[in-house]
Amino acid sequence: MTTAINPYMLPNPTSTQDTSLITEMCPFSGEPMRVLTRQQKEQELEQAKRVRQRNVELFSSSPLYQARAAKDPNFWSKWNSGIVNM
């Protein structure tokens, strides 16, 4: 008895790309929102990092945000300016 092997299920040893997928789930419904490759997720995180750095440059001179950042060391990493596609 022979077993059929699905070539799509086997890893490609010559491939240098990571083909694993990341599924982001909705925190409210538990349903999948979107599926990303690892490279897409890394690019998204890098973009978020650049936006956070830009927010600090733009808003850290404000006494209001200085006071909030003094109270919470993670303030800038959690804060969202509401500016789309910054």
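Which residues do ring pairs link into a cluster? They are Phe59, Tyr65, Phe75 and Trp76. The model is predicted, and the legends below take the whole chain before the close-ups.

**View 1. The protein chain combines two strands and three helices.**
Starting at the N terminus, the order is β-β-α-α-α. The chain has 86 residues, and 10% of them count as buried. Its accessible surface is about 7600 Å². Carbon and sulfur atoms account for 56% of that surface. Contacts between residues at least 6 apart in sequence were also examined. Of these, 18% join residues at least 24 apart.

**View 2. An aromatic cluster holds Phe59, Tyr65, Phe75 and Trp76.**
The whole structure contains four aromatic pairs. One of the pairs is Tyr65 with Trp76, whose ring centres lie 6.1 Å apart. The planes of these two rings meet at 50°, so the pair is tilted. The pair links distant parts of the chain. Tyr65 belongs to helix H2 (residues 63–71), while Trp76 belongs to helix H3 (residues 75–78). Eleven residues separate the two in sequence. Are Tyr65 and Trp76 buried or exposed? Both Tyr65 and Trp76 are buried.

**View 3. Lys41 meets Glu44 in a salt bridge.**
Side chains of opposite charge can pair when their charged atoms come close. Here the N to O distance between Lys41 and Glu44 is 3.3 Å. Both residues sit in helix H1, three residues apart. That spacing is about one turn of the helix. Glu44 counts as partly exposed because its relative accessibility is 29%, a value between the 20% and 50% cut-offs.

**View 4. Lys41 also reaches Glu24.**
Lys41 lies in helix H1, which spans residues 38–59. Its side chain makes a polar contact of 2.6 Å with the side chain of Glu24. Which residues does Lys41 touch, leaving aside those up to four places away in sequence? They are Ile22, Glu24 and Leu36.

**View 5. Arg54 and Glu57 form a salt bridge within helix H1.**
The closest N and O atoms of Arg54 and Glu57 are 3.2 Å apart. A polar contact of 3.2 Å also joins their side chains. Why are Arg54 and Glu57 separated by about one helical turn? The reason is that they stand three residues apart in helix H1. Arg54 is partly exposed, with 41% relative accessibility. Glu57 has a relative accessibility of 56%, so this residue counts as exposed. The cut-off for exposed is over 50%.

**View 6. Asp72 and Lys78 form a salt bridge, and other partners form a network.**
How many salt bridges does the structure hold? There are six. In the one between Asp72 and Lys78, the closest N and O atoms are 2.7 Å apart. Asp72 counts as partly exposed at 22% relative accessibility. Lys78 is exposed, with a relative accessible area of 60%. Elsewhere, salt bridges that share partners join Glu24, Arg34, Lys41 and Glu44 into one network.

Technical notes. Residues numbered from 1 in each chain as written. Predicted model: local features only at pLDDT ≥ 70, side-chain atom pairs only at ≥ 80, totals over all residues. Heavy atoms only, no water. Helix = DSSP H or I, 4+ residues; strand = E, 2+ residues; numbered from the N terminus. Buried < 20%, exposed > 50% of the residue type's maximum accessible area, 1.4 Å probe, protein only. Contact = heavy atoms within 4.5 Å. Areas by Shrake-Rupley, 256 points an atom, 1.4 Å probe, with all protein chains shown as cover. Polar contact = N/O pair within 3.5 Å; in protein donor to acceptor, adjacent residues only side chain to side chain. Salt bridge = Lys/Arg side-chain N within 4 Å of Asp/Glu carboxyl O. Phe/Tyr/Trp six-rings, centres within 6.5 Å; stacked < 30°, edge-to-face > 60°.
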